[in-house]
Amino acid sequence: QISISMHPSVPSFLMRGPDLPARFGLPSTEPLLYTYSCSLNGTPAVLHYGHLYVFPQIIGFVCDIIGSSTTISIRFLDVVAVKKAKILGFVPNAIQIRTRKRSFLFSYFTARNEAFHVISDLWSISKA
């Protein structure tokens with residue numbers, strides 16, 4: 001199940017502890033494993049700058065804009081493909097995550113290779 005919502009909220013970079021997992025519909029005890037600054041490539045060619053949060057069960061993304069925010073939650077069980085991708089056709093700085101219903105392109109990582117390996121490893125574990 002993919003969950004996407006837009007609502008006024010506390011900026012994600014200020015959220016730690018039990019508030020952050022709850023934002024993605026997770027129990028407050030769910031550990032946050034990794035956080036990456038990146039952007040979600042929207043359409044048409046709109047970038048949503050925010051943070052990618054990696055939990056054991058989900059990949060979450062939050063983009064906070066003054067007065068509102070976008071929250072995306074992707075369960076590892078719903079993922080069908082994870083691959084490195086290029087933006088603008090030649091810049092190797094993106095990760096594409098596909099589910100049965102949608103494709104998400106995250107880009108402008110400061111540590112794309114690390115994020116890719118973490119997400120790929122957790123996805124592999126979820127399939128076992």
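This is a tour of a predicted model, stop by stop, with what to select and what is found there.

**Stop 1: the largest nonpolar core**

Select Leu52, Phe61, Ile74, Ile97, Phe106, Phe109 and Ile119. These belong to the largest nonpolar core, which has 24 residues, and they touch the most other members of it. Next, colour the elements that feed this core: strands E2 (34–41), E3 (47–54), E4 (58–65), E5 (68–75), E6 (79–87), E7 (91–99) and E8 (103–107), together with helix H2 (112–127), each supply at least two of its residues. Which of these elements gives the most? Helix H2 does, with 6 residues.

Before leaving, select Leu20, Phe24, Tyr53 and Val62. They are among the 7 residues of another core, which lies apart from the largest one.

**Stop 2: strands E3 and E4**

Show E3 and E4 alone. The two strands run antiparallel and are joined by 4 bridges. Follow the backbone from E3 to E4 and you pass through a hairpin of 3 residues. Now pick Leu52: opposite this residue stands Phe61, in E4. Both Leu52 and Phe61 were in the selection at the first stop, as residues of the largest core that touch the most other members. Bring back the surroundings and look at E4 as a whole. Of its 8 residues, 6 are buried, so the strand is mostly covered.

**Stop 3: Arg23 and its two partners**

Select Arg23, Asp64 and Ser69. Is Arg23 buried or exposed? Arg23 has a relative accessible area of 14%, and therefore counts as buried, since the cut-off for buried is under 20%.

Take the charged partner, Asp64. The side chains of Arg23 and Asp64 form a salt bridge, at 3.4 Å from N to O. This pair ties together distant parts of the chain: Arg23 sits in helix H1 (residues 19–23) and Asp64 in strand E4, 41 residues apart. Asp64 is partly exposed, because its relative accessibility is 26%.

Then turn to Ser69, a residue of strand E5. The side chain of Ser69 makes a polar contact with the side chain of Arg23, at 2.5 Å. Ser69 has a relative accessibility of 2% and so counts as buried.

**Stop 4: the network around Asp78**

Select Arg75, Asp78 and Arg100. How are these residues linked? They form a network of salt bridges. Start with Arg75 and Asp78, whose side chains meet at 3.2 Å, N to O. From Asp78, go on to Arg100: the closest N and O atoms of this salt bridge are 3.8 Å apart. Here too the pair links distant parts of the chain, with Asp78 in the loop between E5 and E6, Arg100 in the loop between E7 and E8, and the two positions 22 residues apart in numbering.

Switch on the surface to check each member. Asp78 is buried, because its relative accessible area is 9%. Arg75, at 35% relative accessibility, counts as partly exposed. Arg100 counts as exposed, because its relative accessibility is 62%, and the cut-off for exposed is over 50%.

**Last view**

To finish, display the salt bridges together; the count for the model is 3. One of them joins Arg23 to Asp64, while Arg75, Asp78 and Arg100 share a network.

How values were computed
Residues numbered from 1 in each chain as written. Predicted model: local features only at pLDDT ≥ 70, side-chain atom pairs only at ≥ 80, totals over all residues. Heavy atoms only, no water. Core = buried A, V, L, I, M, F, W, Y, C linked by side-chain atoms within 4.5 Å. Buried < 20%, exposed > 50% of the residue type's maximum accessible area, 1.4 Å probe, protein only. Pairing = 2+ DSSP bridges. Polar contact = N/O pair within 3.5 Å; in protein donor to acceptor, adjacent residues only side chain to side chain. Salt bridge = Lys/Arg side-chain N within 4 Å of Asp/Glu carboxyl O.
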